[in-house]
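Student: Could we go through this model together, taking one question at a time and reasoning each answer through?

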Amino acid sequence: MPVGERSPTVLVTGGAGYIGSVLVRQLLAGGWRVRVLDSLRAGGESLAELAGDQKFEFIRGDVRDDPAKAVQDCDAVVHLAAIVGDPACRAEPELARSVNLDGSINLYEAACLRGVKRFVFASTCSNYGRAADPSVLIQEDSPLRPVSLYAETKVAVEQFLLGQPRSASCIPVVLRFSTVYGVSPRMRFDLTVNEFARDVALGRELVIFGEQFWRPYCHVADLARSAMLALSASPDVVGFEVFNVGDTEENYTKQMLVDQLRVQVPELRVKFVPKNEDPRDYRVSFSKIRERLDFSPSRRVSDGIREILDVVGTGLIADPNDKRYGNT
Ligand SMILES: NC(=O)c1ccc[n+]([C@@H]2O[C@H](COP(=O)([O-])OP(=O)(O)OC[C@H]3O[C@@H](n4cnc5c(N)ncnc54)[C@H](O)[C@@H]3O)[C@@H](O)[C@H]2O)c1
């Protein structure tokens, strides 16, 4: 990235969120100036301790409103703001379309007009939907089969970004994140690993629907680090590219997640409910990001389970069932 007299500046939309609040801290530690644009749907406590940091600036606002001020003087954008997850999009479909699709296009266009050089877009492996043959690893150029409004909006933004002329001054990079887990300043317990580990920590019986279906998982700190890599890599390496973010060894069925949990809590109780159809069943290859960006995870699902058992079991998060730890 261009580094003149000043540190480079990055706008992180959705920076108060689960992934964003981890990324913002990594960027500040890495020497970036960070501006966050967030409407604070789940509050802003996750960033409160950064108030007063000379390199940190917060704008409370909506990505759908005029984002010119937010992108002004920025070298790059990491666009995380969204209505996140199938249930949240299903609950407010118009809002989801408008924020996830129109808001993203609006933001990219403002970034181009204001001389921003790079636009990193947070997409999702959910775009793959149900794999024709889950025994075959999915690559970035495998067909996309979105089965929810959430994934449809993400696919549409990808297509818009990747359809820009190669001469565009602001180069897009698409990161298709695995399902995330781990502890963040903005905690979420509506994510599979976090939810299962929380329930085990609370001594509940797990009720698992469709234990045979595959998904990839990645720790929140590692996903945030992938965005840092996408910002700092040479434009020839990442421009107009799509990267699955995760690790090929970190594809799990829900049965395998239970097995991982049982290693740490042998007495756990579980009931499996047969389910033969799941709209999302995919095993993903992460060889591209490993080869091109030298990305490998620092933590595995077992580490995330340990973290969650710890923060719930010790009472550090005293009310993990609170609605504010979810997205609906
Ligand atoms: N968590 C996952 O498993 C996962 C997986 C794949 C992709 N992603 C993507 O990563 C990104 C971040 O996800 P997250 O888990 O941190 O979600 P999150 O819900 O915790 O954070 C989203 C943030 O965006 C903000 N926001 C929502 N609408 C806004 C608007 N109109 N204007 C400004 N800010 C707005 C919210 O206030 C929130 O702080 C999203 O784009 C999501 O689709 C997440």
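Student: In this predicted model, what angle does helix α8 make with β6?

Tutor: Helix α8, residues 220-232, lies across β1, β4, β5, β6 and β10. With the axes compared in their N-to-C directions, the helix runs relative to β6 at about 160°.

Student: Which strands stand at the edges of the sheet?

Tutor: The open sheet has seven strands, paired in parallel and ordered β3-β2-β1-β4-β5-β6-β10. Two of these strands have a single partner each, so one side of each is left without a neighbour in the sheet. From one strand to the next the twist averages 20°. The strands at the edges are β3 (56-60) and β10 (241-245).

Student: Which residue of β10 stands opposite F177?

Tutor: Strand β6, which spans residues 171-177, runs parallel to β10 and is joined to it by five bridges. Opposite F177 in this pairing stands V245.

Student: Which residues are the closest to the ligand?

Tutor: The ligand is surrounded by 32 residues, and the elements that give two or more of them to the shell are β2 (33-38), α5 (93-113), β5 and β7 (179-181). By character the shell divides into 17 nonpolar, nine polar and six charged residues. The closest are G14, G17, Y18, A81 and F177.

Student: Where does the ligand lie with respect to domain 1 and domain 2?

Tutor: Domain 1 covers 9-180 + 218-245, while domain 2 covers 183-216 + 249-283 + 299-325. Because both give residues to the shell around the ligand, the ligand lies between domain 1 and domain 2.

Conventions
Residues are numbered from 1 along each chain as its sequence is written. This is a predicted model: local features need pLDDT of at least 70, side-chain atom pairs count only at pLDDT 80 or more; totals for chains, interfaces and linings use all residues. Two strands pair if DSSP finds at least two bridges between them. Helices (H or I, at least four residues) and strands (E, at least two) are DSSP runs, numbered from the N terminus. Axes are lines fitted to C-alpha atoms, for helices over the stretch in contact, and angles run from 0 to 180 degrees between N-to-C directions. Two residues are in contact if their C-beta atoms, placed from the backbone, lie within 7 Å. A residue is near a molecule or strand if its C-beta atom, placed from the backbone, lies within 6 Å of it. Ala, Val, Leu, Ile, Met, Phe, Trp, Tyr, Cys and Pro count as nonpolar, Asp, Glu, Lys and Arg as charged, and the others, Gly among them, as polar. Domain bounds come from an automatic or database domain assignment.
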